[in-house]
Amino acid sequence: MITGLLALLAAVSISGLAAAPAAASAADPGSPPSSPAVNAVAFSPDGTVLAAGYGDGTVRLWVTAAGTERGPALRVGSGPVTAVAFSPDGAIVVGADADGTIGRWSPATGAALGSPLQAGSGVRGVAFSPHGELLASGDADGAVTLWNGATGQVSGPVLHAPSGASGGVAGVAFSPDGNLLAVAYGDGTIVRWDPVTEAPAGPPLNAGSDVRGVAFSPDGEFLASAGADGGVTLWKVATGRFYGPVLRSGSATAGGVTGVAFSADSTMLAAAFGDGTIDLWDPATGAPIGPPLQAGSGVNGVAFGPGATLASAGANGAVKVWNSVGPPPGWSARDWFVLVAAVLALALAAAAVTITTREVWPRNFGRT
């Protein structure tokens, strides 16, 4: 019986939670002893590469499967990198910094694609439209610039916060069909812009507290916002109506939400908290999916890749990747975690078994 349980446990660790990859290579002698804070992460469309934006003004590309650095660091400007994004076809990776510089590179070669773009002030969010025609950047002065995704030329007039919205832009996101551009402002206002007419699409949404990021679910059903008060607010995209209740962490010390992201199949919503935890919910029901993930330090942002691969940007300079979170298809979250807990308890009681369920990439920069 124990042999069967151990076999089942091995299958769980590989197919359900994933085994850890080989560690990244040792730090380059010329690298700093520990990496600066990671402020943003984004997966390439196929999930094979992860871009991370650092407080030292660089974007670094990591091979997701191996956890090794791919090529040299990409220098954006003189300020800390605040946002990163891949184009939908994976041919462009962009990084924006707090000084308003936006760099564009080929992730395949690391070569710069033209001169850096210059926004009006520090950039706090970037997003490509679903087909890559537009790149939106949101600035600290409240302006949103639309750029041609291929050429980097400014496309149309700068969008300014309408009456009633104030503060800098905290995040930008395109809807899956490209018909809406959600822009979150520092006062908790979220404006849905029509990127074609460049006019607001309906009245502003009010999140009730400062917003630090926004995300659309891939199926187009929901818009989620990350609140500085520790709550995640959901709206139905079709109606613009609040979809309650506000989602909050079970931890009393969770602090503000720093970022939100939906899984590729829209069945999971991840929220990063300033205390280093990441909560997962079913957006349709608001039910939590398992216990919070522990990132080990404050988390500045999260991103889902294909499937249920989840990455977090650590304030301590660590990038962490969970290869799979949540239950396998066809399982309820409750049944899945009950099974995992039972198997772990029995197996560990029978033998000394060490299981690594999460991938942690070292703080020190490695080289491939």
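**Strands, hairpins and charged pairs in a predicted model**

Good morning. Strand S28, which spans residues 310–314, is mostly covered, with five of its five residues buried. Please keep in mind that the structure before you is a predicted model.

Let us stay with this strand for a moment. In a regular strand, side chains alternate between the two faces of the sheet. In S28, Leu310, Ser312 and Gly314 point one way, while Ala311 and Ala313 point the other way, and all are buried.

Which strands pair with S28? One partner is strand S27, residues 299–304, which runs antiparallel to S28 and is joined to it by five bridges. The other is strand S29, residues 319–322, also antiparallel to S28, with four bridges between them. For those new to the subject, strands of a sheet pair through backbone hydrogen bonds, and the pairing may be parallel or antiparallel.

Leucine 310 lets us follow both pairings. Towards S27, phenylalanine 304 has leucine 310 as its bridge partner in S28. Towards S29, the bridge partner of leucine 310 is tryptophan 322.

Both pairings are also hairpins. Between S27 and S28 there are five residues, and in this hairpin glycine 307 takes a positive phi near 65 degrees. Between S28 and S29 there are four residues, and glycine 317 in the turn has a positive phi of about 95 degrees.

I turn now to a sheet earlier in the chain. Four strands form an open sheet in the order S10-S11-S12-S13, with antiparallel pairing. Its edge strands are S10, residues 123–128, and S13, residues 159–160, each of which pairs on one side only. Within the sheet, strand S11, residues 134–139, and strand S12, residues 143–148, pair in the antiparallel sense over five bridges. One of the residues involved is leucine 134, whose bridge partner in S12 is asparagine 148.

Strand S11 also contains aspartate 139, and this residue deserves a closer look. Is aspartate 139 buried or exposed, and what is the nearest side chain of opposite charge? Aspartate 139 is buried yet has no salt bridge. The nearest side chain of opposite charge belongs to arginine 124, and it is 8.6 Å away. A salt bridge requires the nitrogen and the carboxyl oxygen to be within 4 Å, so this pair does not qualify. Leaving aside residues up to four places away in sequence, aspartate 139 touches Ala119, Gly120, Ser121, Gly122, Val123, Thr145, Gly168 and Val169.

That leads us to the charged pairs that do form. Side chains of opposite charge can pair when their charged atoms come close. How many salt bridges does the structure hold? The structure holds three.

Let us begin with glutamate 69 and arginine 60, whose closest N and O atoms are 2.8 Å apart. Glutamate 69 is buried, with a relative accessible area of 1%. Arginine 60 is buried as well, with a relative accessible area of 6%.

Another salt bridge joins the side chains of glutamate 221 and lysine 236, at 2.7 Å from N to O. This pair links distant parts of the chain, 15 residues apart: glutamate 221 lies in the loop between strand S19 (211–216) and strand S20 (222–227), and lysine 236 lies in strand S21, residues 231–236. Glutamate 221 is partly exposed, with a relative accessible area of 34%. Lysine 236 is also partly exposed, with a relative accessible area of 25%.

Lysine 236 appears in a further arrangement. Its charged end sits over the ring of phenylalanine 222, 5.1 Å from the centre of that ring. As for pairs of aromatic rings, a search of the whole structure finds one.

The remaining salt bridge is formed by the side chains of aspartate 229 and arginine 248, at 3.5 Å from N to O. Here too the pair links distant parts of the chain, 19 residues apart, with aspartate 229 in the loop between S20 and S21 and arginine 248 in strand S22, residues 247–248. Aspartate 229 is partly exposed, with a relative accessible area of 41%. Arginine 248 counts as partly exposed, at 43% relative accessibility.

Finally, I would point out proline 36, which lies in the loop between helix H1 (2–16) and strand S1 (38–43). At 22% relative accessibility, proline 36 counts as partly exposed, because buried means under 20%. Proline 36 and threonine 58 are 22 residues apart in sequence, and their C-alpha atoms are 9.8 Å apart in space.

Thank you for your attention.

Methods:
Residues numbered from 1 in each chain as written. Predicted model: local features only at pLDDT ≥ 70, side-chain atom pairs only at ≥ 80, totals over all residues. Heavy atoms only, no water. Phe/Tyr/Trp six-rings, centres within 6.5 Å; stacked < 30°, edge-to-face > 60°. Lys NZ or Arg CZ within 6 Å of the ring centre and 35° of its normal. Pairing = 2+ DSSP bridges. Helix = DSSP H or I, 4+ residues; strand = E, 2+ residues; numbered from the N terminus. Buried < 20%, exposed > 50% of the residue type's maximum accessible area, 1.4 Å probe, protein only. Lys, Arg positive; Asp, Glu negative; His and termini not counted. Contact = heavy atoms within 4.5 Å.
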